[in-house]
Amino acid sequence: MSTEENKATYRRFFEGVMNRKDMTLLDELLAEDVASHAEPPPGFPDGAEGYKLMVGVLHGAFPDMHVEIDSLVAEGDLVVGHHTTTGTHTGELMGMPATGRSVKVEGLHMVRFTGGRISEYCFQTDMMGLMQQLGALPSS
């Protein structure tokens, strides 16, 4: 796959799975043995099943969640994107009851593609900023 094809698949992932909540795309876009370089939440399995569970948790906590890709860079089989995610916390998030607060959080997502599927990923999200916006941590 070319870098442009990988970038298009990356966009398709975020637009389809995260914004339109089309969870069926995960079976098509994630390799079954996808490797994560992010620590899964307690009790979550590694691989595609863990990723699917986490996306489901996010959709439940922020039903109006929208991910905007701010910038995208690709080289070979790697694609890196900077995102801004917005949403309203109207459902439980990992034991935290809904607050009704709107959030805006930035993050980075790095994905490696093998055969047109996501075979490896790493992400960093401003979790401290998210927790401050939800009122779980004091703002500075």
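## Exercises on a predicted model

M94 counts as partly exposed, since its relative accessibility is 44%, and like every value below this one comes from a predicted model.

### Exercise 1. Positive phi outside glycine

Task: Establish where M94 and K21 are found and what sign phi has in each, and classify the exposure of K21.

Solution. Begin with M94, which is found in the loop between β3 and β4 and whose phi, near 50°, is positive although the residue is not a glycine. Next take K21, which follows α1 and is found in the loop that runs between α1 and α2; its phi is also positive, at about 60°, in a residue other than glycine. The background for reading both values is that most residues other than glycine have a negative phi. For the exposure of K21, compare its relative accessible area of 28% with the class limits: buried means under 20% and exposed means over 50%, so K21 is partly exposed.

### Exercise 2. Helix spans

Task: Test whether the end-to-end distances of α1 and α3 agree or disagree with the span expected at 1.5 Å a residue.

Solution. Helix α1 covers residues 3–19, which is 17 residues, and because the expected span is 1.5 Å times one less than the number of residues, the expectation is 24 Å. The end C-alpha atoms of α1 are 23 Å apart, which agrees with that expectation. Helix α3 has 15 residues and should therefore span 21 Å, and its end C-alpha atoms, 22 Å apart, agree with this as well.

### Exercise 3. The buried residues of two helices

Task: List the buried residues of α1 and α3, and state which elements they pack against.

Solution. In α1, the buried residues are N6, K7, T9, Y10, F13, F14, G16, V17, M18 and N19. They pack against the helices α2 and α3 and against the strands β2, β3, β4 and β5. A8, which is found in helix α1, is partly exposed, because its relative accessibility is 41%. In α3, the buried residues are G47, A48, G50, Y51, V55, V57, H59 and A61, and their packing partners are α1, α2, β1, β3, β4 and β5.

### Exercise 4. Neighbours in strand β1

Task: For A31 and E32, determine whether each is buried or exposed, and find how far A31 lies from S119 and E32 from S140.

Solution. A31 is found in strand β1, and with a relative accessibility of 13% it counts as buried. Although A31 and S119 are 88 residues apart along the chain, their C-alpha atoms are separated by 5.2 Å. The contacts of A31, leaving aside residues up to four places away in sequence, are with A48, R117, I118 and S119. E32 also lies in strand β1, but at 74% relative accessibility it counts as exposed. The C-alpha atoms of E32 and S140, 108 residues apart along the chain, are separated by 41 Å.

### Exercise 5. The nonpolar core

Task: Identify which residues have the most contacts inside the largest nonpolar core, and describe what L93 touches.

Solution. The largest nonpolar core has 32 residues, and those with the most contacts inside it are F13, M18, F62, L93, I118, L130 and L134. Two or more residues of this core come from each of α1, α2, β1, α3, β2, β4, β5 and α4. As for L93, once residues up to four places away in sequence are set aside, it touches V57, L58, A61, F62, L130, M131 and L134. In soluble globular proteins, nonpolar side chains tend to be buried together.

### Exercise 6. The largest pocket

Task: Work out how much space lies in the largest pocket, which residues lie nearest its centre, and how its lining divides by class.

Solution. The space in the largest pocket is about 880 Å³. Its lining has 40 residues, of which M54, L58, F123, T125 and M127 lie nearest the centre. The elements giving two or more residues to this lining are α1, α3, β3, β4, β5 and α4, and β4 contributes the largest share, six residues. Divided by class, the lining has 26 nonpolar, 11 polar and three charged residues.

Notes:
Residues are numbered from 1 along each chain as its sequence is written. This is a predicted model: local features need pLDDT of at least 70, side-chain atom pairs count only at pLDDT 80 or more; totals for chains, interfaces and linings use all residues. Side-chain values use heavy atoms; hydrogens and water are left out. Helices (H or I, at least four residues) and strands (E, at least two) are DSSP runs, numbered from the N terminus. Buried means under 20% relative accessible area, exposed over 50%, partly exposed in between (1.4 Å probe, protein chains only). Contact means heavy atoms within 4.5 Å. On a 1 Å grid over the protein atoms alone, a cavity is a set of points where a 1.4 Å probe fits but cannot get out, and a pocket is an open set with protein on both sides within 12 Å along at least five of seven lines; lining residues have an atom within 4 Å of a point. Grid points are joined across faces, edges and corners, and a volume is the space filled by probe spheres set on the points. Ala, Val, Leu, Ile, Met, Phe, Trp, Tyr, Cys and Pro count as nonpolar, Asp, Glu, Lys and Arg as charged, and the others, Gly among them, as polar. A nonpolar core is a set of buried Ala, Val, Leu, Ile, Met, Phe, Trp, Tyr and Cys residues joined through side-chain atoms within 4.5 Å.
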